[in-house]
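Work through the exercises below with the sequence and the structure at hand. Try each task before you read its solution.

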Amino acid sequence: MNRTVIRGGLVITAADELHADVLVENGRVAALAAHGTDAAAGWSAEHEIDATGTYVIPGGVDAHTHMEMPFGGTQASDTFETGTRAAAWGGTTTIVDFAIQSKGGSLREGLDAWHAKADGRCAVDYAFHMIMSDVTAASLKEMDALVGEGVTSFKLFTAYPGVFLSDDGQILRAMQQAASNGGLVMTHAENGLAIDVLVEQALARGERDPRHHGEVRNALLEAEATHRVIKLAQVAGAPVYVVHVSAEEAVAELARARDQGLPVFGETCPQYLFLSTDNLAEPDFEGAKYVCSTPLRPREHQAALWRGLRTDDLQVVSTDHCPFCFKGQKELGRNDFSKIPNGMPGVENRMDLLHQAVVDGHISRRRWIEIACAAPARMFGLYPKKGTIAPGADADIVLYDPRAEQTLSAETHHMNVDYSPYEGKKITGRVRTVLSRGVPVIDGGRYTGRAGQGMYVPRATSQYLD
Ligand code: URP
Ligand code: ZN
Ligand code: ZN
Ligand code: ZN
């Protein structure tokens, strides 16, 4: 029996704040008891962790990452090893990454390929969604088997014609299949065909800078595709989860559908909450650092995203972590914004940025844990193993110092990327200790984990519909 007691902290879950000690046995939470009670005093353990002055929170669940993803003629610069280590540094103990079906290939081949990249290399636990880029009778049938073995969500794209785009009929069929097998369809909702027309026209006018990436990916084309996938889901009788929502008009589509009682869910990401088209317009090609899709929006959109997170029109904040180095990767699009690889780093920064949102008054402490831990775990069938601190849960626990000050910087971060989109940003709050299934992986400013300690987690179907 391996026992650890975490004493003296404020335990925060999505549901409660408790002045409680936590007993961990063999990698799982065994019990909670109020400070100073006989029950807590009676626990003996090999390891005692003093959590006085810290928040004791569930490890973060980042439900949207792309480690070593091939894209735009290059590959995301974090491997599963470096990316999950960076996640640990930032208090995230579970990632759900996207395995990719290649055109003409099967879902199985895509899943096998992603296991080959990740297995034995991760510092924290990991699971997979499946990107479907070739919806056929065969791949629709394969969805059932994947749901049965723990890959219970499928991303489909209305964007990237010729690469990932599925047409409306294919999306409808995938949603119908999900309605029958319990899977959850996730959508990248932007009208890719219309965007490609605007890209061509912008380039013909000589508009080549990164800021034009934001202009051609018009907010109305995000709203249109969001509306469309909601209606397709309604016709199919299926739930739908819209990833990386950035436009106020898209939030409005989600809100309207939810007001009708439809099982429609949305995610946004820190880059949309903290950055804007001002960053895309930074001179000397620096704007390329902020090229991702959906794109950053004018600052005015942020209020709608924060409101959505408070009112539950948006349920989850994940990172869409998909880093490309400025040198050699973002530079591929120096003379043509459409050739800049799409994606931004963030897996290490999400818990801190959202704590800053608590400090800034956008959300409450419990809402922080809800959108960063509990909701993604429930949305993707990981709860209550992940996303909370309760008897039986995995002891993925973060001791978070809410008063420590830090400055985000590429000099000090652990992601394998040569810039930080948040360079110089001051954060109040910092991770002190991170346990992954009871084992310290970050301890007093040191990485104490190892590649391969992270385990693959098969998922149940979404618990958000129960
Ligand atoms: O720009 C982004 N978001 N890159 C990652 C791929 C995707 O669409 O999520
Ligand atoms: Zn206390
Ligand atoms: Zn996407
Ligand atoms: Zn993504």
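Helices and strands here are DSSP runs, a helix of at least four residues and a strand of at least two, numbered from the N terminus. The model is predicted.

**Exercise 1. Find the cis peptide bonds and place them in the chain.**

Step 1. Start at Ser293. The peptide bond from Ser293 to Thr294 is cis, and its omega is near -5°.
Step 2. Place Thr294. It sits in the loop between helix H11 (277-280) and helix H12 (302-311).
Step 3. Go on to Tyr383. A cis peptide bond links Tyr383 to Pro384, with omega about 0°.
Step 4. Place Pro384. Its loop runs between helix H14 (365-379) and S17.
Step 5. Set this against the general rule. Most peptide bonds are trans.

**Exercise 2. List the residues around ligand 1 and sort them by class.**

Step 1. Collect the histidines: His66, His188 and His244 are around ligand 1.
Step 2. Add Cys292, Ser293, Asp320, Cys322, Asn342 and Gly343 to complete the list.
Step 3. Sort the shell. It has 2 nonpolar, 6 polar and 1 charged residues.
Step 4. Link back to Exercise 1. Ser293, from the shell of ligand 1, begins the cis peptide bond to Thr294.

**Exercise 3. Divide the chain into domains and describe where they touch.**

Step 1. Read the assignment. Domain 1 covers 3-57 + 387-447, and domain 2 covers 59-379.
Step 2. Give the separation. The centres of the two domains, taken over C-alpha atoms, are 28 Å apart.
Step 3. Count the contacts. 31 residues of domain 1 are in contact with 43 residues of domain 2.
Step 4. Name the elements on the domain 1 side. Strand S17 (397-407), strand S18 (426-436) and strand S19 (439-443) each give two or more residues.
Step 5. Pick the main contributor. S18 gives the most, with 7 residues.
Step 6. Sort this side by class. It has 18 nonpolar, 9 polar and 4 charged residues.
Step 7. Compare with the UniProt record. An unreviewed entry places the feature "domain: Amidohydrolase-related" at residues 55-438. The end C-alpha atoms of that span lie 17 Å apart, and the span is 37% helix and 19% strand.

**Exercise 4. Trace the open sheet of 8 strands.**

Step 1. Write the order: S7-S10-S11-S12-S13-S14-S15-S16, with parallel pairing.
Step 2. Mark the edges. Strand S7 (60-65) and strand S16 (316-317) each pair on one side only.
Step 3. Zoom in on one pair. Strand S10 (residues 92-100) and strand S11 (residues 125-131) run parallel and are joined by 7 bridges. In this pair, Ala99 has Met130 of S11 as its bridge partner.
Step 4. Add a helix. Helix H8 (residues 219-236) lies across strand S13 (184-188), strand S14 (240-242) and strand S15 (264-268). H8 runs at about 170° to S14.

**Exercise 5. Follow the hairpins of S18, S19 and S20, then find the residues with positive phi.**

Step 1. Pair S18 with S19. They are antiparallel, over 4 bridges. Thr433 stands opposite Asp443 in S19.
Step 2. Look at the turn. This hairpin has 2 residues between the strands, and Arg437 takes a positive phi near 45°.
Step 3. Pair S19 with strand S20 (residues 446-447). 2 bridges join these antiparallel strands. Ile442 stands opposite Tyr447 in S20.
Step 4. Look at the next turn. The hairpin of S19 and S20 also has 2 residues between its strands, and Gly444 in the turn has a positive phi of about 55°.
Step 5. Add Glu68. It is not a glycine, yet its phi is positive, about 40°. Glu68 lies in the loop between S7 and strand S8 (70-71).
Step 6. Recall the general rule. Most residues other than glycine have a negative phi.

Key. Residues numbered from 1 in each chain as written. Chains lettered and ligands numbered in written order. Predicted model: local features only at pLDDT ≥ 70, side-chain atom pairs only at ≥ 80, totals over all residues. Near = placed C-beta within 6 Å. Nonpolar A, V, L, I, M, F, W, Y, C, P; charged D, E, K, R; others polar. UniProt positions renumbered as here; feature names shortened; annotations may be inferred. Domains from an automatic or database assignment. Contact = placed C-beta atoms within 7 Å. Pairing = 2+ DSSP bridges. Axes fitted to C-alpha atoms, helices over the stretch in contact; angles between N-to-C directions.
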